[in-house]
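Let's take a walk through a protein model together. Have a look at the picture first, and then we'll go through some of its helices, loops and surface bits.

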Amino acid sequence: MTGKPNRVVNPQDLEQLAKLLDGRGGVGDKLDEAFTRASALGVSGKLTAIRPMHSWLSETAPELRRKAAYARLEDGDPLAGLLLAGFTPEQLKNKDLPPDVLLVANATASDGEVDDGWLKKKDGETLDDWLVRVQGDAVTQLTGNEELGKAVATYIEGAANLSAFFTSSTTALLGGTSLISYFRSSKVLNAPGTLTSRLINGHWDKLSRVPRAGSWLSRVPVGALAGSDEAAMLAGYMRNGAFYMPTSTEANLLRVAQRGGLANAAKAAGWMRGAGIVGSVGATAWGVANLATMDHGKAWKEDKAKYLSNWTGTAFNASLTAAMIAPNPVTVGLAVGTGLAYAGTLVWDNWDSISKGAEEAADWVGDKAGEAISDGAKALGSALNPFD
């Protein structure tokens, strides 16, 4: 039980009705259009009677969604807690959300005696922002320690930013180097993120001789991990007047799929490249969802660096996905460019934390260096003093 009145309704019907009221092309848009036309014609006074519909729409549509969310909660829908937080089904569609966050959100919303106000989406808060904040707030609720909750949220956000910076900067660096080699010496481009796969393919015989690990590795087909060069041959093409057979890390997977089906494309990719593609697709979808839940005007005014990092991050993940699937000068070039932009905006967005950390590190190094020099001088003096 949710502690709220039971409702015999179809939540999808309520959500559809709310969408018809305030969704794109709905009653709200048509009402705005009517007032705009009336103003242009100088007859706004004729619509005075329906002006209160604005406030009615702004109150009724969210209330319908809230009731639909409670109905979903009673049905055991894992997304009910996020719907009650203020997100729409469209914004959450096909999103890979942390199961622990879903569990906490639903458990809090279902307890009528617990204040679930901290779950509510704040004005202008994106899905990404909400997930970071709510995990810290959950710790605060469980422990009663607000500072610990803030520390957890800061750690989660910092770890995510560090991972994103590492991925974007290394992609830009390695991809840029590859492009230079491509244009200078016609070197074939590899898909981003396949360095480990190339090492495995090139040194499998050595890896399989590693004690203990080797006995396990020898039972794993190399193609399953790093990709099948045989399947990759389906993406062969004319290059410099000769037919070229690409390796698994060089192959255009779209071309393999077109000529040999999705099964062969999966074989050519291997588990490692395939996992990278799935991850970048998910990150792109997440970025799109984040942008969809954003109040763009407000976000730009409040924090330009964060706003731009949301856009560049989504663009980077989209271009990285394209480059991992079909490596060529255009896709790799886009990944390099967007990677540089994303890394740059991340540094800009987190500059206060970076400069503060650098200052603290410099102070620590200075103190330790001073202690070491002092201790070293004392030790040297003692060694040279025959009476010590």
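How are H2 and H3 oriented to each other, roughly parallel or roughly antiparallel? Before we answer, keep in mind that what you're looking at is a predicted model.

**Helices side by side**

Start with helix H2, which covers residues 27-41. Its axis and the axis of H3 come within 10 Å and cross at roughly 160°. Angles over 145 degrees count as roughly antiparallel, so H2 and H3 are roughly antiparallel to each other. If you look at how one passes the other, H2 goes by H3 in a left-handed crossing.

H3 (residues 53-74) also meets helix H1, made of residues 11-22. Here the axes come within 8 Å, and the crossing angle is again roughly 160°. That makes H1 roughly antiparallel to H3. The crossing of H1 past H3 is left-handed.

Now jump further along the chain to H15 and helix H16, the second of which spans residues 329-349. Their axes are 8 Å apart, and the two helices pack at an angle of about 155°. H15 and H16 are therefore roughly antiparallel to each other, and H15 passes H16 in a left-handed crossing.

Here are the three pairs in one place:

| Helix pair | Axis distance | Crossing angle |
|---|---|---|
| H1 and H3 | within 8 Å | roughly 160° |
| H2 and H3 | within 10 Å | roughly 160° |
| H15 and H16 | 8 Å | about 155° |

**A closer look at H15**

While we're at H15 (residues 304-325), find Tyr307, which sits in this helix. Is Tyr307 buried or exposed? Buried means under 20% relative accessible area, and Tyr307 has 14% relative accessibility, so it counts as buried. Try finding Leu291 as well: Tyr307 and Leu291 are 16 residues apart in sequence, and their C-alpha atoms are 9.2 Å apart in space.

**Far along the chain, but not in space**

Which residue has its C-alpha atom 5.1 Å from that of Ala224? That's Gly270, even though 46 residues separate the two along the chain. Ala224 belongs to helix H11, residues 222-226. With a relative accessible area of 44%, Ala224 is partly exposed.

**Two residues with positive phi**

Next, check out a couple of backbone angles. Ser186 isn't a glycine, yet its phi is positive, near 60°. You'll find Ser186 in the loop between helix H8 (146-185) and helix H9 (195-207). Its relative accessibility is 35%, so Ser186 counts as partly exposed.

Asn240 has a positive phi too, near 55°, and it's also a residue other than glycine. This one is in the loop between E1 and strand E2 (242-244). Is Asn240 buried or exposed? At 65% relative accessibility, Asn240 counts as exposed, because the cut-off for exposed is over 50%.

**A nonpolar patch outside**

Stay in this part of the chain for one last stop. Which residues form a nonpolar patch on the surface? They're Met233, Met238, Phe243 and Met245, and together they have about 430 Å² of accessible area. Zoom in on Met238, which is in strand E1, residues 237-239. With a relative accessible area of 57%, Met238 is exposed.

Note on methods
Residues numbered from 1 in each chain as written. Predicted model: local features only at pLDDT ≥ 70, side-chain atom pairs only at ≥ 80, totals over all residues. Heavy atoms only, no water. Patch = residues over 30% accessible without salt bridge, like charges linked within 9 Å, V, L, I, M, F, W, Y side chains within 5 Å. Areas by Shrake-Rupley, 256 points an atom, 1.4 Å probe, with all protein chains shown as cover. Salt bridge = Lys/Arg side-chain N within 4 Å of Asp/Glu carboxyl O. Helix = DSSP H or I, 4+ residues; strand = E, 2+ residues; numbered from the N terminus. Buried < 20%, exposed > 50% of the residue type's maximum accessible area, 1.4 Å probe, protein only. Axes fitted to C-alpha atoms, helices over the stretch in contact; angles between N-to-C directions. Parallel < 35°, antiparallel > 145°, perpendicular 65-115°, else oblique. Left-handed = near helix turned anticlockwise from the far one by under 90°.
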